[in-house]
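Colleague: I am new to this one. Please take me through it, and give me the reasons behind each label.

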Amino acid sequence: MKTHLNLRTTGKSNRGIFCDFRIVKLIAAIFLVVGTLNFSRAQDQPITIQGNAPIFGQKPIPVALDGFSPEAAAVLRFDLYVQGFSFVAPAAAQYLIHGTGAGNVSGTVTDQLARKMLLSRSYNGSDVRRQAHAFADDIVQAVQNMKGIGQTKIAFKVQPAGIGPGEIYVADFDGHNAQPVTSDGAIVAKPAWVPGKLALYYTSYARGNPDIFYHSLTTGQRHMIADYSGLNTSAAVSPDGSQVAMVLSKSGSDNIWVCNADGTGLRRVTTGVEDSSPTWSPDGRWICFATKKAERRRLAKVPAGGGEVEYLNTTGAPNPTEPDWSPDGKWIAFTSQAGEFDICVIPADGGMSPTVLVSGQNPSWSPNSRTLIYNHRVAGYRQVLSVLDVFTKQYKDCARAPGSNSQPAWAR
């Protein structure tokens with residue numbers, strides 16, 4: 001009865017009230033569904049945490065090493081250290097690397113956390129050093145899912161007296177098995193590999209002028225690519241090997257020019273002031289280089305076919321030069337000079353200030369885009385090569401050819 005009296009006071013029939021209840025329920029149901037959908041969508045969306053991730057200075061992967069010959073152990077320690085591993089006691093290691101036998105290299109890798117063996121392999125058919133490099137590469141692949149660098153090559157400049165004439169050398173990436181490529185007895189500079197081939201471009205004063213040569217390491221033959229009046233230097237080969245960027249002064253100023261691999265089809269790409277050190281983007285679309293703008297050294301990039309120059313942000317790293325674009329396209333390493341020389345890195349697409357990695361100059365990326373080789377001064381004019389794991393900042397000096405070793409280039 002109370003309900004009946006209250007209903008009458010609204011002036012509505014029971015039917016009208018029931019209709020109102022249906023509408024209210026329908027609206028409530030709609031809000032419930034929408035709210036549930038929004039909650040579900042929110043759960044599906046990735047959570048973004050603001051802040052700077054520790055890209056550089058990461059902790060290395062702890063491993064323990066035992067059972068190998070001294071020579072094999074030395075190779076494994078070098079290769080793995082400069083690719084983000086550290087060596088600890090077995091109890092503190094995530095991975096146990098155990099060797100067996102005193103002849104050919106044979107070893108296993110066990111993941112102590114997962115309690116499983118990742119790798120078991122034996123090697124033969126070459127010397128112990130090469131076997132150990134191959135095992136290191138397999139460890140990197142098994143643990144980091146990345147191709148290793150143990151069997152890669154480098155080219156570099158050697159000056160026996162520290163200054164003056166020198167020669168171009170080729171060696172294993174750690175500096176061992178170094179062999180001279182040239183015998184010019186002249187100033188040489190800036191070796192550059194042809195991707196996928198045993199061939200180099202480099203500058204030599206063998207004919208009294210800084211000219212660019214192509215040199216086949218397979219046949220030993222070489223021929224001239226650029227011998228224009230003035231400066232011809234800093235050859236950089238496109239990723240597909242079909243074109244060469246270089247610095248020429250034939251127009252009256254140092255600019256970037258591009259030609260076909262055999263030297264034909266020369267065309268000018270930049271018209272700036274003191275342009276230098278070209279390097280190609282991995283897709284072949286851009287050339288990064290050093291230049292001057294308003295009396296300041298800058299890094300810039302230009303379309304490989306020529307066009308508008310874009311300047312890169314290197315604030316905090318003065319006088320940038322010698323850029324090198326990582327093969328994965330993500331990073332540009334370069335040299336900065338503020339009194340001393342420093343190796344720095346920036347994202348190729350911007351978005352982050354330069355990071356100083358280590359003292360040195362002339363950085364060159366490894367094929368897997370994790371490691372850099374560079375040179376740094378040890379005494380007077382004397383330079384040595386070092387290899388740096390970019391993300392942990394661990395580095396080691398390479399074996400030295402007699403004299404000053406500089407301007408390294410990593411084969412890709």
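Modeller: Start with the largest pocket. Its volume is about 680 Å³. Bear in mind that this is a predicted model.

Colleague: What makes it a pocket and not a cavity?

Modeller: The way out decides. In a cavity the probe fits but cannot get out, whereas a pocket is an open set of points. The 680 Å³ space is classed as a pocket, so by that definition it is open.

Colleague: Which residues are closest to the centre of the largest pocket?

Modeller: Ala192, Ala236, Thr279, Asp324 and Arg412. They belong to a lining of 31 residues.

Colleague: How do you know that a residue lines it?

Modeller: A lining residue has an atom within 4 Å of a point of the pocket. Ala192 is listed in the lining, so it meets that cut-off.

Colleague: Which strands each supply at least two residues of the lining?

Modeller: E9 (188-193), E13 (232-237), E17 (273-280), E21 (321-325), E25 (361-365) and E29 (404-410). By class, the lining has 18 nonpolar, nine polar and four charged residues.

Colleague: Take E17. How do you know that E17 and E18 pair?

Modeller: Count the bridges. Pairing needs at least two. Four bridges join E17 to E18 (residues 286-293), so the two strands pair. They run antiparallel. One bridge links valine 273 to lysine 292 in E18.

Colleague: Why are E17 and E20 called edge strands?

Modeller: Because each pairs on one side only. The open sheet has four strands in the order E17-E18-E19-E20, with antiparallel pairing. E20 covers residues 310-311.

Colleague: Now isoleucine 346. Why is it called buried?

Modeller: Its relative accessible area is 3%. Buried means under 20%. Therefore isoleucine 346 counts as buried.

Colleague: Where does isoleucine 346 lie, and what is it in contact with?

Modeller: Isoleucine 346 lies in strand E23 (residues 340-347). Beyond its neighbours within four places in sequence, its contacts include Leu312, Lys330, Trp331, Phe334 and Met352. Tryptophan 331 is 15 residues away in sequence. The C-alpha to C-alpha distance between the two is 5.8 Å.

Colleague: What does the secondary structure of the chain come to?

Modeller: Four helices and 29 strands. Buried residues make up 48% of the 412 residues.

Colleague: How much area does the chain expose?

Modeller: About 20,500 Å², with carbon and sulfur atoms supplying 53% of it.

Methods:
Residues numbered from 1 in each chain as written. Predicted model: local features only at pLDDT ≥ 70, side-chain atom pairs only at ≥ 80, totals over all residues. Heavy atoms only, no water. 1 Å grid on protein atoms, 1.4 Å probe; cavity = no way out; pocket = protein on both sides within 12 Å on 5 of 7 lines; lining within 4 Å. Points joined across faces, edges and corners; volume = space filled by probe spheres on them. Nonpolar A, V, L, I, M, F, W, Y, C, P; charged D, E, K, R; others polar. Buried < 20%, exposed > 50% of the residue type's maximum accessible area, 1.4 Å probe, protein only. Contact = heavy atoms within 4.5 Å. Areas by Shrake-Rupley, 256 points an atom, 1.4 Å probe, with all protein chains shown as cover.
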